[in-house]
Amino acid sequence: MDVSMVWRQWLARHDRVRDALPAVPLIVVATAATAVGDSSWHEPRWQEAVWTALSCLPLVVRSRWPLPVALVTLATGLTLMALAPSADRIPGAGLVALYTLAVLGSRRTAWTVGIVAAVAITGVHAGSHTESLVGGAALLRFDFAIAATALGRAVRNRRDHLAEARERAARAESTQEEEARRRVAEERVRIARDLHDVVAHHITLVNAQAGVAHHLMRANPDQAYEALAHIKDNSRAALDELRATVGLLRQIDDAPGTRAPIPRLADLDTLAAGFHASGLRVRVSRTGTPAPQAPATELTAYRIVQEALTNTHKHASATLAAVTLEYGPHTLRVTVTDDGRPGAPAAAGTGHGLIGMRERATAIGGTVTAGPRPEGGFQVVADLPLTLAPATV
């Protein structure tokens, strides 16, 4: 580790030593200054050196009590200037205390004390030397006091800016973590909807076809065998879609072949054929000019049709269902109707199907409405955007 870093860490743990450090060069310089004559060195004036050392004693606690220390050191330095004008020095301990007050205190307090100290130092020097207040030596002392305060405020501002930057970085990191958790929660809900749609659809078909096979096993083995073949096909399709859904949880470096393609609107005819094999005739029609759509829109539309047909087959006792895709300039309208018996709507049951449809549509900016038709049966209408709106920050 860097020696300077070790030294700074040690000083951070020993604040009294750190506060007293500026006193050492101040005392050395003050003692040497008393030994300087006009053209030669002489015996230091130890009385003034001791007085300087005493004025530096309060610096030991300057971080704890910056304002009292500033007042005491300035009073001591001004007294020394008045009693020993021959020393002709600037109160160094007072300047250090002014700097500390500017770093640790408020702006108003720092500048009030700094300006008063600058005027007092200038006045005492001018009075003890019978000079003008605007003389060069007097103004030099005024400038030193103002400079000590300004330097302290500059350091304080820099520290405040760094603290604000760290706080903003911490808030940004926290916001990113919250956004990541929110996205994970949304992804879990989406995967849960996919699993519900896949399982409900295929298990419903398998259950219906198993019932047909059981009924025909003795009376018509050939049709029973055909029903069993449909059960095999639907169970394989269920496994493929489950593998595709669970594949979303795989790592990015998994082999591409381990993932099945996501269902699209082009697969609706295959979906309809599966229902037809289980006793529900499904008619798929398309109007308008098909336009390119986002994959999320295709998957959402497919899942809504799948769930609506599954509910029709399970709850409505319908024999015919119609799926219509209407392509508009900006939206895709998906309509699923059936001829189910009155009082047995396609959305009966636990209600998870309709909730899942609405959640899917809302997630991409669309809507879903559902209800019984006046002429009988049930209808599900979904309006989905062809192009998803860009995410806002």
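**Close-up views of a predicted model**

**View 1. Helices α6 and α7 pack at an angle of about 160 degrees, their axes 8 Å apart.** In this predicted model, α6 covers residues 92-104 and α7 covers residues 107-128. Angles over 145 degrees count as roughly antiparallel, so α6 is roughly antiparallel to α7. Their crossing is left-handed. From α6, the contact takes Leu98, Leu101 and Ala102. From α7 come Thr109, Ala110, Val113, Gly114 and Ala117. By class, six of the residues in the contact of α6 with α7 are nonpolar, two are polar and none is charged.

**View 2. Helix α5 packs against α6.** Residues 66-83 form α5. The angle between α5 and α6 is about 160 degrees, and the axes lie 8 Å apart. The two helices are therefore roughly antiparallel to each other. α5 passes α6 in a left-handed crossing. On the α5 side, the contact is made by Pro66, Leu67, Val69, Ala70, Thr73 and Leu74. On the α6 side, Ala93, Gly94, Ala97, Leu98, Thr100, Leu101 and Leu104 take part. The contact of α5 with α6 counts ten nonpolar residues, three polar and no charged. Leu98 and Leu101 of α6 appear here, and they also meet α7.

**View 3. Ala126 is a buried residue of helix α7.** Its relative accessibility is 6%. Buried means under 20%, so Ala126 qualifies. Ala137 is eleven residues away from Ala126 in sequence. In space, the two are 8.4 Å apart, C-alpha to C-alpha.

**View 4. Five strands form an open sheet.** The strand order is β1-β2-β3-β5-β4, and the pairing is mixed. β1 (281-287) and β4 (367-372) are the edge strands. Each of these edge strands pairs on one side only. On average, neighbouring strands of this sheet are turned by 10 degrees against each other, direction ignored. Strands of a sheet pair through backbone hydrogen bonds, either parallel or antiparallel.

**View 5. Strands β2 and β3 run antiparallel.** β2 spans residues 320-327 and β3 spans residues 331-338. Seven bridges join the two strands. Tyr327 has Leu332 of β3 as its bridge partner.

**View 6. Helix α10 lies across β1 and β2.** This helix comprises residues 268-277. α10 runs at about 160 degrees to β1, an edge strand of the sheet. β2 follows β1 in the strand order.

Definitions and conventions: Residues are numbered from 1 along each chain as its sequence is written. This is a predicted model: local features need pLDDT of at least 70, side-chain atom pairs count only at pLDDT 80 or more; totals for chains, interfaces and linings use all residues. Side-chain values use heavy atoms; hydrogens and water are left out. Two strands pair if DSSP finds at least two bridges between them. Helices (H or I, at least four residues) and strands (E, at least two) are DSSP runs, numbered from the N terminus. Axes are lines fitted to C-alpha atoms, for helices over the stretch in contact, and angles run from 0 to 180 degrees between N-to-C directions. Contact means heavy atoms within 4.5 Å. Angles under 35 degrees count as roughly parallel, over 145 as roughly antiparallel, 65 to 115 as roughly perpendicular and the rest as oblique. A crossing is left-handed if the near helix is turned anticlockwise from the far one by less than a right angle, and right-handed if clockwise. Ala, Val, Leu, Ile, Met, Phe, Trp, Tyr, Cys and Pro count as nonpolar, Asp, Glu, Lys and Arg as charged, and the others, Gly among them, as polar. Buried means under 20% relative accessible area, exposed over 50%, partly exposed in between (1.4 Å probe, protein chains only).
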